[in-house]
Amino acid sequence: MSDLVVRRIGRLTTWRQPVVEDAAVVIRAGRVAWTGADAQLPGDVGDLPELDAAGAAVLPGFVDCHTHAVWAGSRRDDFVGRLGGGGYRPGGIATTVAATREASYDVLAELTQRRIDTALAHGTTTVEIKSGYGLTPDDELRMLDVAAEVEGPAVTTTYLGAHVVPPDRDRADYVAEVVATLPAAVQHGASWCDVFCDDGAFTVEEARRILTAAREHGLGLRIHAEQLARTGAAELAAELGCASADHLEHVDAAGAKALAAAGVVAVLVPVVSLYTRSGDWAHAATLREAGCELAIATDCNPGSAWCESMPYAVQLACLAMGLPVDIALRAATLGGARALRLDDAGHLGVGARGDLVVLAAEHEADLVAHLGVGGVARTVVAGRPIG
Ligand SMILES: [Zn+2]
């Protein structure tokens with residue numbers, strides 16, 4: 001929790017006022033204390049450490065509200081095979097489960113920290129991390145422990161025991177085990193419960209049972225919905241008041257309206273549509289037309305989105321899904337915070353966390369327009385410049 005003044009900001013986006021040119025931000029004890037024109041900087045900041053933005057654009061730090069960043073092993077065979085003509089199989093998760101169970105705690109922690117360091121370098125200041133590659137109570141809880149130990153950005157963790165039914169398990173028994181593990185997941189620091197509700201994963205009925213029990217244990221609810229087929233998971237998310245419904249590639253107008261009416265944040269994961277070559281882009285327009293609050297996340301995982309970069313996800317959301325730049329940047333910051341029900345992240349209003357990114361560009365639109373190179377020059381977390 002640091003003090004910092006960021007000066008000579010070319011264009012400052014706070015989401016609390018119009019873009020301010022030639023701006024400055026004052027952070028005290030890790031929180032935004034003042035924003036405005038650099039020329040009007042308060043006189044009492046002389047002793048604070050200073051970061052010179054040198055005319056670059058500054059945004060609130062990215063909020064990556066959907067990752068599976070804890071894993072061991074590789075899915076490169078799946079990837080190479082898919083480019084040879086195969087489709088995406090949720091069953092491929094078993095490869096990662098086997099490698100993750102086999103890895104020692106320290107190895108898993110180091111692999112995860114390295115990924116989060118990469119995310120941080122690309123501007124992620126808040127990250128949600130799911131379990132889901134353990135699929136036994138002990139292995140799932142170990143993943144939650146690894147995730148909770150990650151350093152750098154603010155971290156919130158999600159119990160995703162209901163990722164897939166392990167091939168050697170009876171469905172009903174496994175669902176009962178997931179439900180029985182909920183109290184331990186809370187003890188191991190989880191704030192959220194998620195279910196992969198889809199063809200080849202969990203049914204709407206199974207998801208309702210798990211999420212209803214999770215809510216009784218005080219967990220917030222999220223759901224992988226409508227990714228592979230239109231199942232009705234969007235309506236379930238609305239019925240249960242989930243904080244977010246994620247994926248939604250196969251949602252229709254009725255499902256999108258249900259989400260909007262219930263205030264469920266629709267989380268777009270465009271890297272998945274590219275990585276799996278599904279070509280699913282049109283749902284973004286459906287969700288937007290329905291008036292859904294949008295978030296953008298990486299879905300960082302080894303099988304369908306090996307990507308830690310929020311700027312890359314934003315580029316795809318604009319170029320492939322057709323979102324306007326300002327809508328996409330807002331979704332990747334404020335939208336992500338709303339999906340995690342955080343009032344003090346994703347914007348730079350006074351009192352918010354002092355989390356921001358100094359872009360390697362004079363205009364925020366260049367983060368999207370300039371492809372294939374690093375768009376983030378510096379990440380600041382709670383007033384502390386990283387790197
Ligand atoms: Zn996911």
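# Notebook: pockets, zinc site and cysteines

**Entry 1. The largest pocket.** I looked up the lining of the largest pocket and found 13 residues, of which Trp71, Gly73, Ser74, Arg115 and Trp306 lie nearest its centre. The model I am reading is a predicted one. I noted a volume of about 210 Å³ for the largest pocket. I then sorted its lining by class and obtained six nonpolar, two polar and five charged residues. Which helix gives the most to this lining? I found that α3 does, with three residues. I also recorded that α1 and α3 each supply at least two residues of the lining.

**Entry 2. The second largest pocket.** I next turned to the second largest pocket, which holds about 150 Å³ of space. Its lining includes Met1, and I also listed Gly30 and Arg31, then Gly152, Pro153 and Ala154 among the lining residues. Further along the chain I listed Arg353, Asp355, Val381, Ala382 and Arg384 as part of this lining. By class I entered five nonpolar, two polar and four charged residues for the second largest pocket.

**Entry 3. The second largest cavity.** How many cavities of 30 Å³ or more does the count give? I recorded two. I examined the second largest cavity and noted its volume as about 40 Å³. Its lining consists of Asp64, Thr67, Ala69, Arg115, Ile116, Ala119, Val127, Thr298, Cys300 and Glu308. I marked Arg115 in particular, since this residue is listed for the cavity and is also among those nearest the centre of the largest pocket. Helix α3, residues 105–121, gives the most to the cavity lining, with three residues. I classed the lining as five nonpolar, two polar and three charged residues.

**Entry 4. The zinc site.** Which atoms coordinate the zinc ion? I found the NE2 atoms of His66, His68 and His224 and an OD atom of Asp299, at 2.0 to 2.5 Å. In sequence I wrote the spacing of these donor residues as H-x1-H-x155-H-x74-D. His66 lies in the loop between β6 (62–64) and α1 (76–83), and Asp299 lies in the loop between β13 (294–296) and α11 (310–319), so the pair ties together parts that are 233 residues apart in sequence. I checked whether these two donors are buried or exposed. His66 is buried, with a relative accessible area of 0%, and Asp299 is buried as well, at 2%.

I then looked up the geometry of the site. The angles among the four donor atoms run from 78 to 168°, and the site is irregular. For comparison I noted that the ideal angle for four tetrahedral donors is 109.5 degrees. The site does not count as tetrahedral because that class requires all angles to lie between 85 and 135 degrees.

**Entry 5. The cysteines.** I searched the whole structure for disulfides and found zero. Cys300 is in no disulfide, and the nearest cysteine sulfur, that of Cys307, is 7.0 Å away. A disulfide would need the two sulfur atoms within 2.5 Å. Cys300 counts as buried, at 3% relative accessibility, and I had already met this residue in the lining of the second largest cavity. Why does Cys318 form no bond with its closest cysteine sulfur? That sulfur, in Cys307, is 14 Å from the sulfur of Cys318, which is too far for a bond. I entered Cys318 as buried, with a relative accessible area of 10%.

Definitions and conventions: Residues numbered from 1 in each chain as written. Predicted model: local features only at pLDDT ≥ 70, side-chain atom pairs only at ≥ 80, totals over all residues. Heavy atoms only, no water. 1 Å grid on protein atoms, 1.4 Å probe; cavity = no way out; pocket = protein on both sides within 12 Å on 5 of 7 lines; lining within 4 Å. Points joined across faces, edges and corners; volume = space filled by probe spheres on them. Helix = DSSP H or I, 4+ residues; strand = E, 2+ residues; numbered from the N terminus. Nonpolar A, V, L, I, M, F, W, Y, C, P; charged D, E, K, R; others polar. Donors = N, O, S within 2.8 Å, 3.2 Å for Na, K, Ca; no water. Tetrahedral: all angles 85-135°; square planar, octahedral: opposite > 155°, others 65-115°. Buried < 20%, exposed > 50% of the residue type's maximum accessible area, 1.4 Å probe, protein only.
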